[in-house]
Amino acid sequence: MTIRKLLLAALAAAVAAAFLVSSFDPAFAANYYADQTNFEETSVPVARYHWSEDIIDSCIYKDENVPNKYYAWAKLAAQQWRQALREYTDNQQAWELTARYVSSQSELRSCDVRVFIFDSYMDFPDYPSQTGAYTSVKFDEGSEGEIDANVYLSPFILHGDGETEIDLPSYAFRNSAVHELGHVLGLGHMQSARGYLMSPQFDFWEEDDQLSITTLELEALVSVYGNDGFD
Ligand SMILES: [Zn+2]
């Protein structure tokens with residue numbers, strides 16, 4: 001083959017590849033959630049509260065010494081839920097869950113959801129009974145009233161064994177941020193201790209990546225809210 005023919009062949013291959021990419025149907029390109037793969041359980045328990053507003057405004061406060069990437073990951077966790085719900089329900093206008101940075105704890109007062117990222121689990125308001133990421137939600141039973149949601153995260157936590165202190169690998173921190181926001185939106189815990197996004201534990205020695213939001217969690221939220229958002 002001459003060089004000219006080789007070039008033409010390469011060009012033809014490139015054109016074919018470009019065509020393949022552009023003819024890929026975006027409707028099948030779910031980016032923010034995956035199909036359920038573990039079928040030991042078929043539903044996610046839901047909480048007794050649910051939101052009824054157009055926009056859930058979440059604010060993220062972090063201690064001065066916590067690197068910015070942890071803030072970014074908490075914000076991404078909120079975006080992940082929003083986009084997953086939008087993709088799953090094919091409703092790009094709804095599910096407005098915002099996440100923004102606030103530089104002081106006093107600015108958190110007006111927010112629907114307050115996310116705190118502390119230097120250490122020892123700074124958690126419920127330490128020592130809480131030594132890993134957790135969410136506290138207060139609500140008026142039976143009223144459409146206020147939900148008071150607080151999420152506590154830290155890159156530095158105590159392992160479930162009660163004695164090993166751990167600098168969380170990034171995927172484990174990100175996993176806990178997505179998990180806690182799942183609670184905020186109204187999801188409870190799975191019965192299986194591990195293996196689901198909403199399992200009470202995440203084994204970061206066995207897992208090497210964060211767990212996806214799946215159709216299982218999205219189905220549970222749609223059963224609570226319907227297809228058209230949090231209101
Ligand atoms: Zn949990």
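Strand 1 (residues 55–62) and strand 3 (residues 113–117) run parallel and are joined by 5 bridges; strands and helices here are DSSP runs (E of at least two residues, H or I of at least four), numbered from the N terminus. Two strands count as paired if DSSP finds at least two bridges between them. This is a predicted model, in which local features need pLDDT of at least 70 and side-chain atom pairs count only at pLDDT 80 or more, while totals for chains, interfaces and linings use all residues. Residues are numbered from 1 along each chain as its sequence is written.

**Overall layout**

- The protein has 4 helices and 7 strands, in the sequence pattern α-β-α-β-β-β-β-β-β-α-α.
- Of its 231 residues, 32% count as buried. A residue is buried if 20 or more other C-beta atoms lie within 10 Å of its own, exposed if 12 or fewer, and partly exposed in between, with C-beta atoms placed from the backbone.
- Among contacts between residues at least 6 apart in sequence, 75% join residues at least 24 apart. Two residues are in contact if their C-beta atoms, placed from the backbone, lie within 7 Å.

**The sheet**

- Strands of a sheet pair through backbone hydrogen bonds, either parallel or antiparallel.
- An open sheet of 5 strands has the order 2-1-3-5-4, with mixed pairing.
- Strand 2 and strand 4 are the edge strands, each pairing on one side only.
- From one strand to the next, the twist averages 15°. Such angles run from 0 to 180 degrees between N-to-C directions, and axes are lines fitted to C-alpha atoms, for helices over the stretch in contact.
- Within the pairing of strands 1 and 3, Ile60 has Val115 as its bridge partner.
- Strand 3 also pairs with strand 5 (residues 147–153), in the parallel sense and over 5 bridges; here Val113 is matched with Ala149.
- Strand 4 and strand 5 run antiparallel and are joined by 6 bridges, with Asn150 of strand 5 as the bridge partner of Ser136.
- In strand 3, 5 of 5 residues are buried. Val113, Val115 and Ile117 point one way from the strand, and Arg114 and Phe116 the other way.

**Helices on the sheet and against each other**

- Helix 2 lies across strand 1, strand 2, strand 3 and strand 5, and runs at about 170° to strand 2.
- Helix 3 packs on the sheet and touches strand 3, strand 4 and strand 5; its direction makes about 165° with that of strand 5.
- Two packed helices are described by the angle between their axes and the distance between the axes.
- The axes of helix 2 (residues 68–89) and helix 4 (residues 215–225) come within 10 Å and cross at roughly 80°.
- Helix 2 is therefore roughly perpendicular to helix 4, a class that covers 65 to 115 degrees, with under 35 as roughly parallel, over 145 as roughly antiparallel and the rest as oblique.
- Ala84, Leu85, Tyr88 and Thr89 of helix 2 meet Leu218, Leu221 and Val222 of helix 4 in this contact.

**Nonpolar core**

- The largest nonpolar core has 56 residues, and those with the most contacts inside it are Ala74, Trp81, Val115, Val151, Leu153 and Leu181. Such a core is a set of buried Ala, Val, Leu, Ile, Met, Phe, Trp, Tyr and Cys residues joined through C-beta atoms within 7 Å.
- Two or more residues each come from strand 1, helix 2, strand 2 (96–101), strand 3, strand 5, helix 3 (170–185) and helix 4.
- Helix 2 gives the most to this core, with 9 residues.
- Leu153 touches residues including Ala74, Val115, Phe116, Ile117 and Ala133, leaving aside residues up to four places away in sequence.

**Loops and backbone exceptions**

- Most residues other than glycine have a negative phi, and most peptide bonds are trans.
- Asp90 is not a glycine but has a positive phi of about 55°. Asp90 is exposed, with 8 other C-beta atoms within 10 Å.
- Trp95 also is not a glycine, and has a positive phi of about 60°. Trp95 is buried, with 25 other C-beta atoms within 10 Å.
- Asp90 lies in the loop between helix 2 and strand 2, as does Trp95.
- The peptide bond from Tyr127 to Pro128 is cis, with omega near 10°; Pro128 sits in the loop between strand 3 and strand 4 (134–139).
- Asp63, in the loop between strand 1 and helix 2, counts as partly exposed because it has 13 C-beta neighbours inside 10 Å.
- Asp63 touches Ile117, Phe118 and Asp119, not counting residues up to four places away in sequence.
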